[in-house]
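Welcome, and please take a moment with the sequence and the model before reading on. The notes below are meant to be read with the structure open beside you.

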Amino acid sequence: MTPPTVLLDLAEQFKILHLRCNLILQADGVLPAFKGSLWHGWLGHAIKGLDEPLYQLLYGSHAEQQPKPYLIKAGADHKQQWRAGEMLEFDIILLGSACQLGQRLVSALLSGQRLGLGTNRIPFRIQSLT
C-alpha cells in the first residue's frame, strides 16, 4: 500500500534539527538518576540569560494542546555519583520553524557552561556538539 501523496508532501516539508551535546565534568559530584528535568532546567536557565525571544519560543506559554517545538533526550545512564573527567551526553531536537534558531541555541548551550550542573553546580565543559 502506498502512503497518500498528502502525507508524503507533509513529511518532506517537516524540519528537524538534532543536536547531540557531549560534556566532560571538571569535578566530582552528584546528579539525579533521571536527567530529563536536569537538562530541561539547565537549558532554560542558559537560554533565559542570553536570548529572551528564544526562551519565550521554547519555554513560554503555548496554546492549549500546542506541543513545544523541541525535545530533550536524556542519556540512558542513571548513575548518580560522577567523577571529574567523565562524559555525559544528551540530545536536543528542534522541530519545524524552531530549526531556524539552531545557531542561537548553540550559543546558549556554550554560554550555559558557566552555570554548572545540578544542585552543586558541577563545573563542566562542552566537548562536542554534533
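What follows is a short tour of this structure, from its overall layout to its strands, helices, charged pairs and cysteines.

**Overall layout**

Please keep in mind that this is a predicted model. The protein has 4 helices and 6 strands, and along the sequence they follow the pattern α-β-β-α-α-β-β-β-α-β. Taken along the principal axes, the C-alpha atoms fill a box of roughly 55 × 35 × 25 Å. Of the 130 residues, 35% are buried. Contacts across the sequence are well represented: among those between residues at least 6 apart, 75% join residues at least 24 apart.

**Strands and the surroundings of Asn22**

Let us begin with strand S5, residues 87-95. S5 runs antiparallel to S1, and 9 bridges join the two. S5 is also joined to S3 by 5 bridges, again in an antiparallel arrangement. One spot to find in the S3 and S5 pairing is Ile72, which stands opposite Ile92 in S5.

Asn22 is a good residue to click on in S1, the strand that covers residues 16-25. Its bridge partner in S5 is Glu89. Is Asn22 buried or exposed? With a relative accessible area of 13%, Asn22 is buried. Leaving aside residues up to four places away in sequence, Asn22 touches Met87, Leu88 and Glu89, along with Arg125, Ile126, Gln127 and Ser128.

**Helices H2 and H4**

Helix H2 takes in residues 36-48, which is 13 residues. Does its length come out as expected or not, and what is the span? At 1.5 Å a residue H2 should span 18 Å, and its end C-alpha atoms are 18 Å apart, so the two agree. The buried residues of H2 are Leu38, Trp39, Trp42, Leu43, Gly44, Ala46 and Ile47. They pack against several elements, including S1, helix H3 (52-59), strand S3 (70-74) and strand S6 (124-129).

Helix H4 covers residues 102-111. Its buried residues are Gly102, Leu105, Val106, Ala108 and Leu109. These cover an arc of only 160 degrees around the axis, which means they sit on the same side of H4. What covers them includes S1, H2, H3, S5 and S6.

**Charged pairs**

How many salt bridges are there? The count comes to 6 salt bridges. Three of the pairs are set out here, with the N to O distance and the relative accessible area of each partner.

| Salt bridge | N to O distance | Accessibility of partners |
|---|---|---|
| Asp28 and Arg83 | 2.8 Å | Asp28 43%, Arg83 53% |
| Arg104 and Asp51 | 2.7 Å | Arg104 33%, Asp51 11% |
| Lys79 and Glu86 | 2.5 Å | Lys79 27%, Glu86 23% |

In the salt bridge between Asp28 and Arg83, the partners come from distant parts of the chain, 55 residues apart. Asp28 is in the loop between S1 and strand S2 (29-30), and Arg83 is in the loop between strand S4 (81-82) and S5. Asp28 is partly exposed, whereas Arg83 counts as exposed.

Arg104 and Asp51 also meet through their side chains in a salt bridge. Arg104 lies in helix H4 and Asp51 in the loop between H2 and H3, so this pair ties together parts that are 53 residues apart in sequence. Arg104 is partly exposed, but Asp51 counts as buried.

For the pair of Lys79 and Glu86, Lys79 is partly exposed and Glu86 counts as partly exposed too. Finally, Arg20, Glu89 and Asp91 are linked in a network of salt bridges. Glu89 will be familiar as the bridge partner of Asn22.

**Cysteines**

How many disulfides does a search of the whole structure find? The search finds 0 disulfides. A disulfide is a covalent bond between the sulfur atoms of two cysteines. Why is there none at Cys21? The closest cysteine sulfur to that of Cys21 belongs to Cys99 and is 17 Å away, which is too far for a bond because a disulfide needs the sulfur atoms within 2.5 Å. Both residues are shielded: Cys21 is buried, with a relative accessible area of 1%, and Cys99 counts as buried at 15%.

Terms used
Residues numbered from 1 in each chain as written. Predicted model: local features only at pLDDT ≥ 70, side-chain atom pairs only at ≥ 80, totals over all residues. Heavy atoms only, no water. Buried < 20%, exposed > 50% of the residue type's maximum accessible area, 1.4 Å probe, protein only. Contact = heavy atoms within 4.5 Å. Expected span 1.5 Å × (residues − 1). Salt bridge = Lys/Arg side-chain N within 4 Å of Asp/Glu carboxyl O. Arc of directions from axis to C-beta. Pairing = 2+ DSSP bridges.
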